[in-house]
Amino acid sequence: MLKIACRVLFSPNKSVRTWKHNACSSAIMKRTANILAARESVHPVLIKMGRKRKISLASNENFWAYVFLAPIIIGFLAFTIFPVIMSFYYGLTSYDGITSPKFVGIGNYIELASDENFLKSLWNTVYFTLGTVPVGAFLALIVAVGLNAKIHFVNLYRTAFFIPVVVSTVAVSMVWQWMYNQDYGLINLFLGKLGLYQPPWLASTSWSMPSVIIMSIWKGLGFNAVILLAGIQGISPSLYEAAEIDGASGIQKFWHITVPMIHECMAFVLINGLIGSFQTFDQIYVMTNGGPAQSTQVISWLIYMNAFRYFKQGYASAMAYILFLIIFIASILQLHLSEKKNY
Amino acid sequence: MNWRKLFSFAAAGAICAGFLPGCTSPAKNSSKTGGSSKVTIQVAVSGSAQEIAVHQQKFDLYTSKHPNIKIQPINIGDDRVQKTLTLISAGSAPDILYVNEYTYVFAAKGVLHPLDDQIKRDSFDISTFNESLLVPLRYQGKLYALPQEVSPFVIYYNKDMFQAAGLPFPTDKWTIDEFYTDAKKLTNPSKKVYGYRQPTNWPDQILGWLSRGGVDFDISGKTVDSSLNTPQTLKVLQFLHTMVAVDKVSPNPAELTAMGKGADVVFRNQKVAMESQGLWMLPQYKAEPLAFQWDIVRVPKDQNQRTKAGILNWAISTSSHNMDAAWDLLKFMVGPDGMKIVAKNNMALPASKDTAANQIVLDSKFPPNVKAFIDSVPDVDLRDERSTVRDQVNTEINDEVERMLLNKESPEDTQKALVQKIDAILAQAQSK
């Protein structure tokens, strides 16, 4: 009964829902009217008082709920929803930020399609995201499994992994910049001692993006690991025991139990990482300033420059909307892919 | 009254009020005339704590002479254009704006008030300013700002390194060939020591060489074909390419970016023998003296000895309610009293030819050849600031030349790409 009701109530089919809603509500109303009529005939005064108190108690609670929700809702509407709507409008205009906007329809979007700088930045942003998110999530999973082990000082290790997350991105970027120095940096020093190739890191157009990716993975590792750790700790140990009885090895247990059971946590880590990576700015601009030769120039910088240096806020808004669409579609795809598995 | 209810309302109201700072309200300026009530003038300021303190000195001196005026500095931080645009959109633009290289753009967008009437009415003598500094402050024949400070680029050189290489010290009349020979002799690849640092992400440092090469770079029109599609431009691009990519007399842009903040101290660390800066290094070099003998010299002469400069310009916004009071303050700041304060603080040159102020600079004798700064002012070339798309053009120039300096593009192809891309930007600007 409940299942049917749920399926109907949460049915994607609007007409089904409306019919059921109307049928439901009219049935409920009939029943309530009957009850009230029956009661009234017994104690008219008491019933009236009861009803009033019941109604005012319910609406009283609702009222206070709204009062306390009001600040955050008003803030959200004023500082998030309203700018998002206005930005869509500005994306259809030519607006320099001072004189009034001129409507140009989809002119900005057409221009973007052939803008070399935009396409290059878009590619760089995608490159950065593809390099950081999947690899970062996988490494975080390995670390999470490690942090789940019952060894001494495990809390110390957990803290150690989480520290990079809370340190300022700018500070971290500056330190890594020095580590990446091709002549004096620590990384090349160690590589040299091991007799390995010492890449030019930030001074090369082909190594610059990988350098930024490595640093970004390192910085976000702790955060993702903690989330995945929580997911892993939620897996019932009986599954592992059952697998051990069947003679599964460590790696088999990992691939066939751990990985599938935390797919929701993993979905969150991936989507969160995706959204963050597409909007990345700080570490790139401290470490490489978008160079060398625009090899690390990302969309967020281009949006900023167009809006506040080139006096092209309309164009920048259009860019921001394309970024929004990309992130939105990628997130939906990601959600869809992770929803397929149902246990 | 239910106390819980009252408290809840108050708490909810307080939380709502927390959002209010996010909204700005138009500035309430008292526009009452008459000596008894105070008039408040808002002035946009920016820069380091030391620089803002210098502005405050000017304000304090003015208010001591005009007790009915109150000056409120509005710090627009480092993101000056963004903050100024925000204040203008909110309708709370300060009376006096800190416009610098954006004077032409803001004038073109109707943000600034022309000053010609006031100048005429008060018989304010603008011949005290070098014409070279007033060039970018005019839009359609009207003057929109007045210069306070100028910081011409000169060459700082390491005397010890010159002596060690057996080279004579450069003089203010030296040529570009002498400069290049010296730089080459001072370069020592095995020790990673360079003769000169050609900075990256600083388009003016490219435009300076173009100007000296006889290129009249002008982006106020529809095309740069006549100025950039010339043999002079190609010669300058080839010079830069040879210096950075071929002879490696300077670190290349990638190496400089990878150094991060380290690139700013290569002169101090004696990794480069020469570099191009304005006066802003002087306070640092005074507070933390360099470990070697050094001096400055004018930029080397090519077809001419033009140079670029940092500049501070004040303008009055169209939304000001106190035009007359703001103009009076502006006049004072760029007048002899204001210029003397600038000169005393040794962080920039006074922008006027005021002899008393300039004498203070000369008397400082820091560095020994400090007159090179003053001599450079008439040769300052700011003509490229007459444009509404300067930032966009500068980014293209920087990116294109960077590719050339990283040996990814020949000087000829760079020249073609520059003309094509800048013309595209100018065409867009024209169509709006």
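In this predicted model, helix α8 of chain B, spanning residues 176-186, lies across the strands β8 and β9 (272-277) of chain B, and its direction makes an angle of about 125° with β8(B).

The two strands beneath that helix belong to an open sheet of four strands in chain B, ordered β8-β9-β7-β10 and mixed in its pairing. Its edges are formed by β8 (194-197) and β10 (294-297) of chain B, each of which pairs on one side only, and from one strand to the next the twist averages 20°. Strand β7 of chain B, residues 154-158, is joined to β10(B) by four bridges in the antiparallel sense; within this pairing, Asn158(B) has Trp294(B) of β10(B) as its bridge partner.

The domain assignment divides chain B into two parts, each made of two segments, as the table sets out.

| Domain of chain B | Residues | Residues in the contact between the domains |
|---|---|---|
| Domain 1 | 35-151 + 310-379 | 16 residues |
| Domain 2 | 154-307 + 389-431 | 16 residues |

Taken over C-alpha atoms, the centres of domain 1 and domain 2 of chain B are separated by 29 Å. On the side of domain 1 of chain B that touches domain 2 of chain B, helix α17 (residues 371-376) of chain B gives the most, with four residues, and by class this side holds eight nonpolar, six polar and two charged residues.

A single residue of chain B, Gln415(B), can be followed in more detail, and Gln415(B) is found in helix α19 of chain B, which covers residues 411-431. Gln415(B) counts as buried because 22 C-beta neighbours lie inside 10 Å, where the cut-off for a buried residue is 20 or more. When residues up to four places away in sequence are left out, Gln415(B) touches Leu228(B), Thr233(B), Leu234(B) and Leu237(B). Of these contacts, the one with Leu228(B) links positions 187 residues apart along the chain, with a separation of 7.3 Å between the C-alpha atoms.

Between the chains, the contact takes 34 residues from chain A and 33 residues from chain B. On the side of chain A that touches chain B, the helices α3 (44-90), α7 (169-179) and α14 (299-308) of chain A each supply at least two residues, and the largest share, eight residues, comes from α3(A). The residues of this side of chain A comprise 19 nonpolar, twelve polar and three charged ones.

How values were computed:
Residues are numbered from 1 along each chain as its sequence is written. Chains are lettered from A and ligands numbered from 1 in the order in which they are written. This is a predicted model: local features need pLDDT of at least 70, side-chain atom pairs count only at pLDDT 80 or more; totals for chains, interfaces and linings use all residues. Two strands pair if DSSP finds at least two bridges between them. Axes are lines fitted to C-alpha atoms, for helices over the stretch in contact, and angles run from 0 to 180 degrees between N-to-C directions. Two residues are in contact if their C-beta atoms, placed from the backbone, lie within 7 Å. Ala, Val, Leu, Ile, Met, Phe, Trp, Tyr, Cys and Pro count as nonpolar, Asp, Glu, Lys and Arg as charged, and the others, Gly among them, as polar. Domain bounds come from an automatic or database domain assignment. A residue is buried if 20 or more other C-beta atoms lie within 10 Å of its own, exposed if 12 or fewer, and partly exposed in between; C-beta atoms are placed from the backbone.
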